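I opened this entry to look up how some helices pack, where the pockets lie and what the record lists. The notes follow in the order I took them.

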Amino acid sequence: MSQKRLKFDTKKFFFIILILVILSMLALDYSNLSQFSLDNLVSTFIGLTSPEWAYIYTGTGESLIPLMVETIAIAFYGTIIGSLISIPFILLSSNIIWGQNSFVPKVGRFLLDILRAIPTLIYGLIFVIVVGPGPFAGALALGLQLVGTLSKQVAEAMDAIDSTPIEGLESSGSTSFQTFQYAILPQTISPAFTYIMINFEISIRSATTLGLVGAGGIGAPIIFALQARNWPRVSIILLAIIIIVLIFDQLSSLIRKKLG
């Protein structure tokens, strides 16, 4: 009986997904497809496969290398800010910290949902107004956006740890702080670092769009290049972003292996 019910539920689920996909497709406006041109597609492809190598370094602060360094700095600074601010939110949102008191973690996770719901560009606009345009506004925007995501990830990782060491320390009369220090924290550090590195990579990509609101980095040049259909410049910028993300992905993998 249960197997039949499970099979029926699975079919029903996929049927609902199919209906939602069809409705989504019907809701889209396809009128712009009339502007599609094979020549434009070919010229775009040719431009994207012909990077503007001269843009890598022109001797000014407006070339690729200085702006990518600034973008990485924005992402790194934002990650540090977000990681530090996340600490109290992690403690506030973790069920294992509060035990039987489930109200506090629910409030903490509700606050994190609110922080995650606001797009990074909105944070960027707010901080550009508050502290002025530039990289610092971008770092603050990335940091605040990171809090909602990182805190939830680490809090859930903390709740999923092995409870055996916790029970052993509690049965031996350890205080709550000692239990946290010797049983909870050691099991949480490695996944927390993993999530920090993953979010740092995401922040690098997010930082490339913050230039749109005056928050520094490579964002403004890539937007201007797209608007001007300067595909060779778009290509070299995208290539740089891909290389940077791949490098940091390899670095984070090596560090995670070292941590075990």
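Before noting any handedness I fixed the term: a crossing is right-handed if the near helix is turned clockwise from the far one by less than a right angle, and left-handed if anticlockwise. The model I am reading is predicted.

**Helix α3 against helix α7**

I looked up α3, residues 64-93, and α7, residues 135-159. Their axes are 5 Å apart, and the packing angle is about 40 degrees. That angle makes α3 oblique to α7. I noted a right-handed crossing for α3 and α7. I then sorted the contact of α3 with α7 by class, and wrote down 18 nonpolar, nine polar and two charged residues.

**Helix α5 against helix α7**

Next I took α5, residues 103-117, which also packs with α7. Here I read an angle of about 140 degrees, with the axes 7 Å apart. Oblique is again the word, this time for α5 to α7, because only angles over 145 degrees count as roughly antiparallel. I entered the crossing of α5 and α7 as left-handed.

**Largest pocket**

Which helices each supply at least two residues of the lining of the largest pocket? I found α3, α7 and α9, the last spanning 176-210. I put the volume of this pocket at about 410 Å³. It is lined by 17 residues, and I listed I87, I90, V154, L185 and A192 as the closest to its centre. By class I noted 14 nonpolar and three polar residues in this lining, with no charged ones.

**Second largest pocket**

I read a volume of about 190 Å³ for the second largest pocket. Its lining takes at least two residues from each of α4 (95-98), α8 (164-171) and α9. The largest share, five residues, comes from α9. Among the lining residues I wrote down I96, I97, I166 and E170, and also F177, F180 and I184. The classes here are six nonpolar, two polar and one charged.

**What the record lists**

I turned to UniProt, where the entry is unreviewed, and found "domain: ABC transmembrane type-1" listed for residues 68-252. In the model, I read that span as 84% helix and 0% strand. The C-alpha atoms at its ends are 19 Å apart.

Under "transmembrane region" the unreviewed UniProt entry lists residues 12-31, 74-98, 110-132, 210-228 and 234-255. I checked two of these spans in the model. How far apart are the end C-alpha atoms of residues 12-31? I found 33 Å, and the span is 80% helix with 0% strand. For residues 74-98 I noted 35 Å between the end C-alpha atoms, and a content of 96% helix and 0% strand.

Notes
Residues are numbered from 1 along each chain as its sequence is written. This is a predicted model: local features need pLDDT of at least 70, side-chain atom pairs count only at pLDDT 80 or more; totals for chains, interfaces and linings use all residues. Side-chain values use heavy atoms; hydrogens and water are left out. Axes are lines fitted to C-alpha atoms, for helices over the stretch in contact, and angles run from 0 to 180 degrees between N-to-C directions. Helices (H or I, at least four residues) and strands (E, at least two) are DSSP runs, numbered from the N terminus. Angles under 35 degrees count as roughly parallel, over 145 as roughly antiparallel, 65 to 115 as roughly perpendicular and the rest as oblique. Ala, Val, Leu, Ile, Met, Phe, Trp, Tyr, Cys and Pro count as nonpolar, Asp, Glu, Lys and Arg as charged, and the others, Gly among them, as polar. UniProt positions are given in the numbering used here, feature names are shortened, and annotations may be inferred rather than shown by experiment. On a 1 Å grid over the protein atoms alone, a cavity is a set of points where a 1.4 Å probe fits but cannot get out, and a pocket is an open set with protein on both sides within 12 Å along at least five of seven lines; lining residues have an atom within 4 Å of a point. Grid points are joined across faces, edges and corners, and a volume is the space filled by probe spheres set on the points.
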